[in-house]
Amino acid sequence: MKSWFISALLLGLYFFPAGSEAQRLSALAPRPDWSQLEAFQETITRDEFEKLLNQIYAPNGAAKGMIDVEPDAAVIKTTLTPPATWRLRFARDAASAKAPPRFWRPTVSLPPAPSPEQPLAGVKIALDPGHLGGAWAKMEERFFQIGESRPVTEGDMTLRVAGMLATKLRALGAEVSSVRDAAEPATEARPETLREAARSELAERGITAPRELYSGPEDPQRGSTVQAESELLFYRISEIRRRAELVNNKLRPDLVVCLHFNAEAWGDPLHPEFVPRNHLHVLVNGCYSAGELRLDDQRFEMLLNLLSQASPEEVAVADEVATALAGATKLPPYEYTTGNAIHAGSNPYVWARNLLANRLYHAPVVFLEPYVMNSEVVWERVQAGDYEGEQMIGGELRRSIFREYADAVVEGLRVYYSKARAAGN
């Protein structure tokens, strides 16, 4: 089992399918249908397009050579070999801009809340409890155990928080759905059905004669085996792509809340160690790298997000939720030291990063990463389970970590929708 720090880096890996010269695609990605973007003609001004592109989605010139901005249009490469382009016409000004097509509703377009006690009335919120948990926790590398203690399984923990959160949001008037209600995959794929795809992905990385199986979690060549690659495609790629289908085609929410717990590298997976750090951050979609934007599907998905103008809503919601989480947890903000994330807005807890979920979900997404599970105090709180009131943990009286998490998210959403709906009406 890799550490979560290492396996998280796999989210940024991209693959080029064998025998596909015209299409450069991420793992298991369908070929993009660029005709879908025709509906966005004249929905955005050049100034707004450039602002979103340069400040949120493709900072530091990441889109150079992929997207050329002209006075009245953006010229976007749809394939690199052979070269082909699509042209987006800009609106003359904000007043003449057409409404972008989207299933989600910006908060300013919602009617006034019926009462102060129901600030989320009619708001459609989809909860995405991260990972799987249960029997899948070890495979998906979201499992660790200290001695004979209660195992820490992120997928089960996020599911517990989601259940609490759903009840509280409904009490405020929200229409709540969930992409999963049990520790079972949404995707029908399984590692054994993805073996050929795994061999193709390994071949594209130059591994042409891979071993079929790995010998255990400490196998140094584990990541180069067909077994490990097919497992990764199952729980990290196919599962999230299926969740995206549910969000975009069935649930169609105004907001997606992705629930996670964080972790840092813990050394030997069979004998994990505590780390002294504990922190919090909230992610929105953005900060695509130049390499990611050379993939046709990621360039297409970035444009869908940008042109739907989800970013202002995402950042505004993330700001309030992050503020509430910071107040409840007293955790410091996490600081990225790599180039795969940038600050989004002025809140030190809110970052823009290109993740598969917040890229594929075609609605505003806030992706929550509170608590470091392999910090000793968080581990102790997980061992305590759920409880009413407070218990002395780590030298302080503390609430149930699950209730603290759920209540903070509810408070952030309550504050956001109360303010936004009042301002819009």
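Helix H8 is followed by Lys-330, whose phi is positive, near 60 degrees. The model is predicted: local features need pLDDT of at least 70, side-chain atom pairs count only at pLDDT 80 or more, and totals for chains, interfaces and linings use all residues. Residues are numbered from 1 along each chain as its sequence is written, and side-chain values use heavy atoms, without hydrogens and water.

**Helices H8 and H7** (DSSP runs of H or I, at least four residues, numbered from the N terminus)

- Helix H8, residues 311-329, has 19 residues and reaches 26 Å between its first and last C-alpha, close to the expected 27 Å (1.5 Å times one less than the number of residues).
- The end C-alpha atoms of H7 (residues 296-308) are 18 Å apart, which agrees with the 18 Å that its 13 residues should span at 1.5 Å a residue.
- In H7, 13 of 13 residues are buried (under 20% relative accessible area, 1.4 Å probe, protein chains only).
- Gln-309, just after H7, has a positive phi of about 60 degrees.

**Second largest pocket** (on a 1 Å grid over the protein atoms alone, an open set of points where a 1.4 Å probe fits, with protein on both sides within 12 Å along at least five of seven lines; lining residues have an atom within 4 Å of a point)

- The volume of the second largest pocket, the space filled by probe spheres set on the points, is about 620 Å³.
- Its lining comprises 26 residues, with Gln-36, Asn-248, Glu-301, Leu-304 and His-362 nearest the centre.
- H7 gives the most to this lining, with 6 residues; helix H5 (226-251) supplies at least two.

How values were computed. Buried < 20%, exposed > 50% of the residue type's maximum accessible area, 1.4 Å probe, protein only.
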